[in-house]
Amino acid sequence: MRTRWLAVLLPVVSGFQLPFKLPFFNQSGQQTLQQPPADSKPRIAIIGAGAGGSSAAFWISKAKERFGVDVEVDVYEKESYIGGRACSTTVFPYGNSSLPPVELGASIFVKVNKNMWRAADEFNLTRLNFRDDDQGMGVWDGEKLLFATTGGWWGWWDNAKALLRYGFHSPRRTQALVDTMVNKFQSLYAPEVPRWQNISHLSSILGWDELVSQTTSEYLLSNGVSNKFISELVEGATRVNYGQNADELHALEGACSLAATGASAVEGGNFRIFENFLKQANVFLNTSVKSVSQTGTNKWALESDRGAEIYTAVILAAPFHSTQLQVPSDISSQIPPQPYVHLHVTLLTTTQPSFPAQSFSLPPSTKVPGMLLTTFEGARNGGKQPEFNSMSYHGLISEGEWVVKIFSKKRISDKWLSKMFDGQVGWVLRKEWDAYPVLPPSSEFPPTKLAPGFYYVNSFEPFISTMETEALASRNVVDMLLHESFESGICGPVGTPLNDTDKEDFVYGWDC
Ligand SMILES: Cc1cc2nc3c(=O)[nH]c(=O)nc-3n(C[C@H](O)[C@H](O)[C@H](O)COP(=O)(O)OP(=O)(O)OC[C@H]3O[C@@H](n4cnc5c(N)ncnc54)[C@H](O)[C@@H]3O)c2cc1C
C-alpha cells in the first residue's frame with residue numbers, strides 16, 4: 001500500500017515554458033492574405049498548438065494516411081512555441097549551462113493515459129519515471145506538520161504510522177473508488193469507443209454524474225472515507241494537482257488527482273510529443289487568431305495576424321475566454337464564463353540539504369520530508385492558511401546545492417524564501433500560469449460542437465483537465481468533424497470493421 005499511496009501523492013510537476021523555434025514550422029508574423037482557389041482541397045484550421053490542438057492535427061493526419069481524407073491542416077499558435085500549458089523545458093540554474101539542467105515543467109502523465117504513453121513509444125521518446133518517494137512526504141496545515149513519512153527503507157514504519165492515523169478502511173475505500181473510475185476511463189480507448197456531442201452526455205455514458213455533481217469531500221464521505229483522511233491526504237493531492245481544496249473540487253477531478261500510478265514524463269519535455277503530432281500540419285507560430293465568422297454556406301472566415309483565410313471547418317483548441325477571439329454572439333453565448341486557477345511556480349536553489357526544522361516549528365534534530373503537501377483544514381478551523389500548495393526538493397545541481405519547487409496561490413516573496421531557508425537561497429525563477437479550470441461540482445458543460453463545422457476541444461476541461469484528456473477530446477472532435485464533412489472518421493466510415501481489436505492494450509485511433 002505504501003508505495004502505491006506515495007506514488008498517488010506524487011506532485012504534478014509544472015509545465016514551464018521558454019520560447020524556442022522549430023526550423024520545420026513556419027515562423028509567421030507577416031501580413032499576407034491567402035484565399036484558396038475555389039477548386040482547392042478542403043482546409044481545416046486549428047486554433048492553438050497545445051496538447052488539444054496538436055493532437056487534433058495528428059488525428060486528422062491518421063485519417064489522411066489511412067483513408068486518403070484529402071484535407072489541408074493549418075495550426076495557428078499565438079506564442080512562439082508548441083505545447084501551450086504543457087510546454088515543458090529545462091533551464092540552467094543561474095543561466096549557467098555548465099550546471100546540470102533543471103526540469104522546469106515535465107508535467108506528468110500516467111500509464112492509463114494511453115495516448116500520451118503510446119505516443120512516447122511510437123515517436124521513440126524516452127519516458128522518465130517519477131518515483132521519488134525516498135525523500136518522504138509530509139502534510140503541512142500552515143502551522144503544524146500533521147503527518148510525515150520517512151521514505152526509503154522505512155516503508156514499514158510509514159505504513160504503521162499511516163494505519164494508526166487514518167485506519168485501514170479510508171485508504172482502501174478511496175483506492176477502490178479511484179480504481180473504479182480508472183477502469184471506466186479505459187473504455188475511452190476501446191474499439192466500441194463512446195462518442196459524444198456534449199460532456200453531459202459522456203458523463204452519463206461513463207456513469208460519472210455522481211462524481212461531477214459532488215465535491216471530492218462529499219463523495220468520499222458518503223462512501224465511508226474519514227474526514228481526516230480526506231482533509232489531509234486527499235486534499236494534499238487535490239491542492240498539488242489542481243490548486244483546489246477537496247471541498248471545492250468536483251469528485252471526478254479529485255479522483256484523477258489520486259490516480260498517479262506509473263507517473264512519467266518525456267525526457268527533454270512532453271512538448272516533444274506535441275511537436276511530433278504536428279509534423280503533417282502547416283504550423284503558424286507567433287500568429288494570433290482574431291476572429292472566426294461564418295461566410296456563405298458551410299465555410300468559415302478566419303482572421304489572424306496572417307490575414308483572412310477561408311476554411312471548411314475550425315477547431316478551437318484553447319480555453320475560449322483566454323483567446324480574445326471574436327465570434328458571432330450565438331456562438332459565444334453558448335460558452336459559460338470559466339475562471340482558471342492562477343498558479344505561481346517558484347524554482348530556487350538552496351544550500352540547505354532539507355527543509356530546516358525550525359521553519360516548521362519543529363525541534364532542530366527533526367528531519368523534515370523533502371516533499372510537502374498541504375491541507376486547508378487548519379484554516380477551516382480558524383487557523384493560518386498554508387503559504388504554498390506544495391513544496392518539494394528536486395535533486396542536486398552541484399555539490400551541496402539543491403533545487404526546490406514551490407506551487408502557490410500567491411507570489412512567494414524573497415523575504416519569505418530567505419526566512420524558510422535560513423538565508424541560504426541562491427538562484428530564484430518565478431513563473432505564473434492560468435493553470436487549470438476552477439472545477440466546482442457541475443452538471444453543465446460548454447458544447448463540443450459550437451456550430452456546423454466549428455468545434456471546441458476545451459469543452460472537456462471543466463470535466464477533466466490534463467494533457468491526455470485534451471488528446472481524447474480532440475480525437476472525439478476530429479472523428480465527429482470527419483464523419484460530418486468527409487463521411488469517414490479516424491478509423492474509417494461508420495461500420496468499418498476495425499483491425500487488431502484483440503490486441504492487448506488496443507488504443508482507438510492508433511490501432512484501427
Ligand atoms: C503548472 C501546470 C502543471 C500541470 N500539470 C499537469 C500534469 O502534470 N499532467 C497533465 O496531464 N496536465 C497538467 N497540467 C494541465 C495541462 O497542461 C492542460 O490540461 C493541457 O496542457 C491543456 O492543453 P490545451 O491544448 O487544451 O490548452 P493549452 O495548453 O492552453 O493550449 C492552447 C494554446 O492556444 C494558444 N492560443 C490561445 N489563444 C490563441 C489565439 N487567439 N490564436 C492562436 N493561438 C492561441 C495558446 O497560446 C496555447 O498554446 C498542468 C498545467 C499547468 C499550468
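In the predicted model, strands E7 and E8 form a hairpin in which four residues separate the two strands. Gly142, located in the turn, has a positive phi of about 100 degrees. The two strands of the hairpin pair in the antiparallel sense over three bridges, and Val139 has Phe147 of E8 as its bridge partner. The side chains of E7 are distributed over two directions: Met137 and Val139 point one way, whereas Gly138 and Trp140 point the other way. All four of these residues are buried.

Strand E7 is also paired with strand E16, to which it is joined by four bridges in a parallel arrangement. Within this pairing, Met371 of E16 is the bridge partner of Met137. Strand E16, comprising residues 371-374, is in turn joined to strand E17, residues 390-398, by three bridges, and these two strands run antiparallel. Leu373 stands opposite Ser390 of E17. In general, the strands of a sheet pair through backbone hydrogen bonds, either parallel or antiparallel.

These pairings belong to an open sheet of seven strands, arranged in the order E8-E7-E16-E17-E18-E15-E19, with mixed pairing. Strand E8 (145-148) and strand E19 (425-437) stand at the edges; each has a single partner strand, and therefore one side of each is left without a neighbour in the sheet. On average, neighbouring strands of this sheet are turned by 20 degrees against each other, when direction is ignored. Helix H9, which spans residues 227-242, lies across E7, E8, E15, E16, E17, E18 and E19. The helix runs at about 100 degrees to E16.

Contacts between helices were examined next. Two packed helices are described by the angle between their axes and the distance between the axes. The axes of helix H3 (residues 114-122) and helix H16 (residues 467-486) come within 8 Å and cross at roughly 95 degrees. Because angles of 65 to 115 degrees count as roughly perpendicular, H3 and H16 are roughly perpendicular to each other. On the side of H3, the contact is made by Lys114, Asn115 and Met116, and on the side of H16 by Met467, Glu468, Ala471 and Leu472. By character, the residues of this contact comprise four nonpolar, one polar and two charged.

Helix H6, residues 199-206, has Ile199, Leu202, Ser203 and Leu206 as its buried residues. Seen down the axis of H6, these residues fall within an arc of 105 degrees, so they line one face of the helix. The elements covering the buried residues of H6 include helix H5 (169-185) and helix H7 (209-212).

Two loop residues were considered for their backbone conformation. Asn124 lies in the loop between H3 and strand E6 (127-129), and its phi is near 55 degrees, a positive value in a residue other than glycine. Asn124 has a relative accessibility of 71% and, because values over 50% count as exposed, is classed as exposed. Asn286 is found in the loop between strand E10 (282-285) and strand E11 (289-294). The phi of Asn286 is near 55 degrees, again a positive value in a residue other than glycine. With a relative accessibility of 27%, Asn286 counts as partly exposed.

How values were computed: Residues are numbered from 1 along each chain as its sequence is written. This is a predicted model: local features need pLDDT of at least 70, side-chain atom pairs count only at pLDDT 80 or more; totals for chains, interfaces and linings use all residues. Side-chain values use heavy atoms; hydrogens and water are left out. Two strands pair if DSSP finds at least two bridges between them. Axes are lines fitted to C-alpha atoms, for helices over the stretch in contact, and angles run from 0 to 180 degrees between N-to-C directions. Contact means heavy atoms within 4.5 Å. Angles under 35 degrees count as roughly parallel, over 145 as roughly antiparallel, 65 to 115 as roughly perpendicular and the rest as oblique. Ala, Val, Leu, Ile, Met, Phe, Trp, Tyr, Cys and Pro count as nonpolar, Asp, Glu, Lys and Arg as charged, and the others, Gly among them, as polar. Buried means under 20% relative accessible area, exposed over 50%, partly exposed in between (1.4 Å probe, protein chains only). The arc is that of the directions from the helix axis to the C-beta atoms.
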